[in-house]
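These entries record what I looked up in the structure, beginning with two ligand shells and ending with an interface between chains.

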Amino acid sequence: MNKSFKLSSEQFKTVFAGLSEHYCIVGPKRFAGLGRFSDTDLIRYAPLTSIDELELAEKSCFSPKDLVFPPDETLFYFNGQQFSEAALPDNLEIIVLLRPCDINGIDRLDRMFMKNADVIDPYYQRRRSRLHFFMIECRESFENCFCVSMNANRSDNYAAALRFGKDGVEAEVASDKFLETFAVNGSVFEFKPEFVSENQIKVELPKVETMPPEIFTDKLWEEYDSRCISCGRCNTSCVTCSCFTTRDLFYGDSRTCGERRRVWDGCHLDGFCDMAGGHTFRKNKGERMRFKTFHKIYDYRKRFGVDMCVGCGRCDDVCPEYISFSNCINKLSARLKEGAE
Amino acid sequence: MSAQTTANPYLPFVTKIIAVKAETESEFTLTVQAVCSITPGQFFQVSLPRIGEAPISVSNYGSDWIQFTIRAVGKLTGAIQNLKTGENLFIRGPYGTGFPVDRFKNSRLVIVAGGSGVAPVRPLVDQVVNGQLPVKSLDLIAGFKNRASIIFTDDLVQWQQKSNLTLTIDKQEEGWDGATGLVTEHIRKLRFDTFDDLQVIVVGPPVMMKFATAEFRMLQVPAERIWVSFERLMSCGLGKCGHCKIDYTYVCVDGPVLNYSYAANLID
Ligand SMILES: Cc1cc2nc3c(=O)[nH]c(=O)nc-3n(C[C@H](O)[C@H](O)[C@H](O)COP(=O)(O)OP(=O)(O)OC[C@H]3O[C@@H](n4cnc5c(N)ncnc54)[C@H](O)[C@@H]3O)c2cc1C
Ligand code: SF4
Ligand code: SF4
Ligand code: FES
């Protein structure tokens, strides 16, 4: 049975300090002046040394997916004859403070890395198994969010859910691991997290079992041929994008030693499907937009039973060309309806 | 270390190269020592750590050896071309669905392979030719760009004796007394009185597969009787890296061999 508590700000600080002794606590944090435009701040997931560093007023540019799937990760080292699996740099257990959409986003990654083809990715698994979700209650959406349309606004997949108020924190604790510290420092209280129930942005998902072949080459994609510059930011900011490439390195001073790494790749980037002999697929940016869109809101569902996109809106937040993904989904649905008429 | 090796699907294992044979100027066949359970049509992730990794089809195998026939086109394949007998090659696999060999038993089998597409069907053709896989008949159309690009010349001579082989090059060349023209022209000459127990395999470059399958469809061959093998960029072979996805299909694990009734509807 989940138990709920109320804590004053001071009491929560004590909880935070206690947990910090055993866990690395990670959450969205503001980095002044590092934003995309001058005089703007960058908000990204980072270890927090105090709860005051937790950024709640604005959405993070990047998702917490680095915690399970870093942009660049060594898979193994090679000494000429033998391989040794790269160890994790530390053995920390991690508490991550994140919103329901991102919890659902990590669930989409779980399906890919832990379930697809019945293969468990050991590098993902070892990072994933040390994560503990502390859900930040999210009752009002930010700009570009459309989590409600994507059915990703709610989650019960958390160790604890927290409502941050002016004079303290209300918490629902679901995992026994964390019960004691909340019970000792706070007082028993009735609290259940609430969820945003309406976003300003709404998308209508296509209601087709199978995409008609004509829609793959529909003129709706053409606008992206000229607008998209294939920078791949929509991929890197997306909590659910999981593609990677492997790269081998050798050490300058050695002819036999080196390592194999994996690095993020993205379906909007050039070279994503280049094959030997110069053959490639999806040369046009519009085709890449179509590929991504279908993956996010159509074919992932066919494979895993749930849509990939969680409607966090980050791809819209970061696109330098102001391409809106939610808009694209709505245009697609509209075209499909026209076609059906 | 060994426990890790089995648990971590990304870690290759070492094999020793026991034979190297040049096929053409840029293509060669390596035989490595390894014991694996393989189905024709499957592939391995082959690598030289420090250089890179790539999917390569099994071009034949025995109880303790595997062959790869590789075209040197880039960084990794170019480096592999420099390897000699006794040196190491690193592999992991086998991966993917191979050919549904049991369905081919007692069929009238037609195989159309273009260029390096002959490599993945070679183990299958060998099984037919040596009697391991009994069939009613085998029509084999092998197409190459020109004479210089023909691979498996020794095998072709053997296959000729046990199958109805059409070895064709795209255009007539001096001193060539064999067939010429694209494989599609030779498919057109095939006659099917009935499609009962017919099975068709088409493997080759994307354009060739497109036209060859279309040709069979024009001859009214049901899509369910046609099998193709897809090539896509692949970084993992494990259904993780996302490169090989077409629609909801991951070519590395759901393919590379796919039934055409299914593959025909996949749009990249
Ligand atoms: C299932 C499967 C089975 C296969 N079986 C075989 C086989 O049996 N034999 C075989 O020889 N091959 C096979 N291949 C193909 C093989 O995997 C590739 O040839 C291999 O990946 C090339 O690796 P490389 O490092 O040598 O080439 P790379 O150095 O990666 O480059 C190879 C080619 O890719 C293109 N390319 C790469 N990067 C770029 C870029 N940035 N821009 C433009 N073009 C680029 C170029 O055309 C270049 O020539 C198979 C592929 C698959 C998917
Ligand atoms: S962020 Fe925008 S411009 Fe960049 S690849 Fe994505 S859609 Fe294209
Ligand atoms: S596609 Fe865009 S809205 Fe959907 S999960 Fe990814 S970044 Fe968020
Ligand atoms: S090759 Fe990586 S998912 Fe298929």
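I counted a residue as being around a ligand if one of its heavy atoms lies within 4 Å of it. The model I consulted is predicted.

Entry on ligand 2. I listed the residues around ligand 2, and they include a run of C228(A), I229(A), S230(A), C231(A), G232(A), R233(A) and C234(A). The others I noted are H268(A), C319(A), P320(A), E321(A) and I323(A). By class, I recorded 7 nonpolar, 3 polar and 2 charged residues in this shell.

Entry on ligand 3. Here I found C309(A), V310(A), G311(A), C312(A), G313(A) and C315(A), together with F146(A), C238(A), K296(A) and F325(A). I sorted this shell into 7 nonpolar residues, 2 polar and 1 charged.

Entry on the interface. I looked up the contact between the chains: 38 residues of chain B meet 51 residues of chain A. The buried area came to about 3800 Å², and carbon and sulfur atoms account for 60% of it. On the side of chain B, I noted that Y10(B), R50(B) and K240(B) lose the most area to chain A, together 21% of what that side buries.

Entry on polar links. I recorded 4 salt bridges between chain B and chain A. One of them joins K245(B) to D299(A), with the closest N and O atoms 2.8 Å apart. I also noted 23 residue pairs in polar contact between these chains. In chain B, the elements β3, β4, β6, β14 and α8 each supply at least two residues of the side touching chain A. I classed that side as 19 nonpolar, 10 polar and 9 charged residues.

How values were computed. Residues are numbered from 1 along each chain as its sequence is written. Chains are lettered from A and ligands numbered from 1 in the order in which they are written. This is a predicted model: local features need pLDDT of at least 70, side-chain atom pairs count only at pLDDT 80 or more; totals for chains, interfaces and linings use all residues. Side-chain values use heavy atoms; hydrogens and water are left out. Ala, Val, Leu, Ile, Met, Phe, Trp, Tyr, Cys and Pro count as nonpolar, Asp, Glu, Lys and Arg as charged, and the others, Gly among them, as polar. Contact means heavy atoms within 4.5 Å. Buried area is the accessible area (1.4 Å probe) that two parts lose on being put together, summed over both. A salt bridge is a side-chain nitrogen of Lys or Arg within 4 Å of a carboxyl oxygen of Asp or Glu. A polar contact is a pair of N or O atoms within 3.5 Å; within protein, one must be able to donate a hydrogen and the other to accept it, and residues adjacent in sequence count only if both atoms are side-chain atoms. Helices (H or I, at least four residues) and strands (E, at least two) are DSSP runs, numbered from the N terminus.
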